[in-house]
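Please find below some notes on this model, set out as numbered points. They take up a surface patch, then charged pairs, and then strand pairing.

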Amino acid sequence: NKFQEIESNEEMVQNLEEEQFPTKVSFSHEVKTMLGGSETKGLSVLDPLLSEIKEIRLVTTYDQSVKVQTSPQMYNYFRLSVSFSQNYEIQKKRIFDGFATVREIYSNYRIGSHQIRYGTQIFDLGKVDLDNVIDVLHMNNIMGIYTFDPDDSKDAIPSIRYNWFHGGHTATFYLSPVRQQTFGMRFTEFREEVEKKEQGNEDSKVSFLRDYYGLQYQWTGDIMDTRLGMFHWFDSNPYIKLEYQKVEDNGTTLQGSFEDMLSNYNEKETRSDFLTLEIDATWTDMVWKFESGYFKKRNLYSYEIPDGKVIRLSTFSAPHFAFSTSFERTFPYFYWLMLFSHRKWYDVPSNTHVFLFENESGLVTKKRNLFRNQASGVAVLKTPDNSLRITLLSYQTWPFKQKGFASLFTWERFKENMELELKFFRLETEKQKMLQDKIKTNQVYLTYTQKFKAN
């Protein structure tokens, strides 16, 4: 009997081991190489060296994502992006390069109607493509300019996201308990610490904990999806203050002017409270999207160039409202998208000149309201199997006048997991009174992408 009992226990252990969930691991790799050039004109008043900027750029990016599922309810996700860029400025005959970032690392657990995801994450807020007015849950990152990947304009943030599902209803809670920092904030703190030590002052302790949170309610119907949100978050536009004196006016070298600018550069985080509304409706071959946000206060950037000698950039805040809407229509070999957005600022302080909203020769001396509209159109021609695509995009803003045009020619071979894309982009503003010239930029890039997947 004792032998039978031992044998029975061994069978139970074996059955439990067989019932254990086998760990599943999936890999996705992508290697992207981009080669091209850009030309920018119209910044000579800032510095004669900037009268014409011509640049050749080579960027190689390796993206790796790994998903490890340890149970039916639990998986861990890791995404790494390593980019190496070489930028050659033709006029100055100099090369500068390179950066690497970890994009996301988080764990996801779901049981029944509850889901929690914790780690460093990237969030998307808003539904409208291309002209999103409320995607503000991340600090703005200059590196997005160098890779032409909208995702690269976002730094992953340590955060927790909890979802509760109940039929067509979903409640979401966001929590970001740790202070967020850009490169400029880290530099400012480092410089201030060095200055304090030189003056013999002790370092003041700054808490790294924050109370940033957001709440969302989502209702999903047969053809319509609606989301309402309330956020107490950091401002995606950090507080920035700098002053730069032109080389020819301060009697120093370019390096000296740059060092003087860094000595007074200041960048800090600020808070922002805002409400959001998102709607999309889908019919057979048509989609309508809408999003809007009201910000109790949001940062704006003001600049001035007194006597054409000193460039000053400062930050202030004002109430802000914005909305964006789009209408899409799909045909067998054709796709088009029309967009319109409106951004408005209320009670803008006096003695300011708002970047991308005003074009005056000096600071505006009265309090006022400001707005900017943008109309965009996108057309896509494609083959039946979607392997060849031609995308054309055009946009216009007013009353601050800026217009842009982009074209993308894409050839994709799905069986070989390969994609080849040629991009052309052109932007032009009206004559800027402070800059005494139009700003023009032309960019052409060829991108080759190779993807690999494994399970």
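1. The coordinates come from a predicted model, and a good place to begin is the surface, where Leu381, Ile390, Leu392, Phe405, Phe409, Leu422, Val444 and Leu446 make up a nonpolar patch whose accessible area together is about 630 Å². At least two residues of this patch are supplied by each of strand S17 (388-398), strand S18 (402-413) and strand S20 (440-454).

2. Leucine 422, one of the patch residues, belongs to strand S19, which covers residues 418-429. Its relative accessible area is 36%, so leucine 422 counts as partly exposed, and that value also satisfies the patch requirement of over 30% relative accessible area.

3. Turning to charged pairs, the count of salt bridges comes to 22. One of them is formed by arginine 343 and aspartate 131, whose closest N and O atoms are 2.9 Å apart. This pair links distant parts of the chain, since arginine 343 sits in strand S15 (residues 334-348) and aspartate 131 in the loop between strand S5 (114-121) and helix H2 (144-147), with the two 212 residues apart. Arginine 343 and aspartate 131 are both buried.

4. A further salt bridge brings together the side chains of arginine 368 and glutamate 358, at 2.8 Å from N to O. Here arginine 368 lies in strand S16 (residues 368-382), while glutamate 358 lies in the loop between S15 and S16, ten residues apart from its partner. Both arginine 368 and glutamate 358 are buried.

5. Lysine 423 and glutamate 421 also form a salt bridge, with 3.8 Å between the closest N and O atoms. Glutamate 421 has a relative accessible area of 13% and is therefore buried, the cut-off for that term being under 20%. Elsewhere, Lys127, Asp225 and Asp280 are joined into one network by salt bridges that share partners.

6. As for strand pairing, strand S12 (residues 271-282) and strand S13 (residues 286-304) run antiparallel and are joined by nine bridges. Across this pairing, phenylalanine 274 stands opposite phenylalanine 295 in S13, and the connection from S12 to S13 is a hairpin through three residues.

7. S13 also pairs with strand S14 (residues 310-330), again in the antiparallel sense, over 17 bridges. Tryptophan 288 has phenylalanine 327 in S14 as its bridge partner. Five residues lie between S13 and S14 in the hairpin that these strands form, and within the turn aspartate 307 has a positive phi of about 60 degrees.

Definitions and conventions. Residues are numbered from 1 along each chain as its sequence is written. This is a predicted model: local features need pLDDT of at least 70, side-chain atom pairs count only at pLDDT 80 or more; totals for chains, interfaces and linings use all residues. Side-chain values use heavy atoms; hydrogens and water are left out. Patches are made of residues with over 30% relative accessible area and no salt bridge: like charges are joined within 9 Å, nonpolar side chains (Val, Leu, Ile, Met, Phe, Trp, Tyr) within 5 Å. Accessible areas come from the Shrake-Rupley method with a 1.4 Å probe; for residues, only the protein chains shown count as cover. A salt bridge is a side-chain nitrogen of Lys or Arg within 4 Å of a carboxyl oxygen of Asp or Glu. Helices (H or I, at least four residues) and strands (E, at least two) are DSSP runs, numbered from the N terminus. Buried means under 20% relative accessible area, exposed over 50%, partly exposed in between (1.4 Å probe, protein chains only). Two strands pair if DSSP finds at least two bridges between them.
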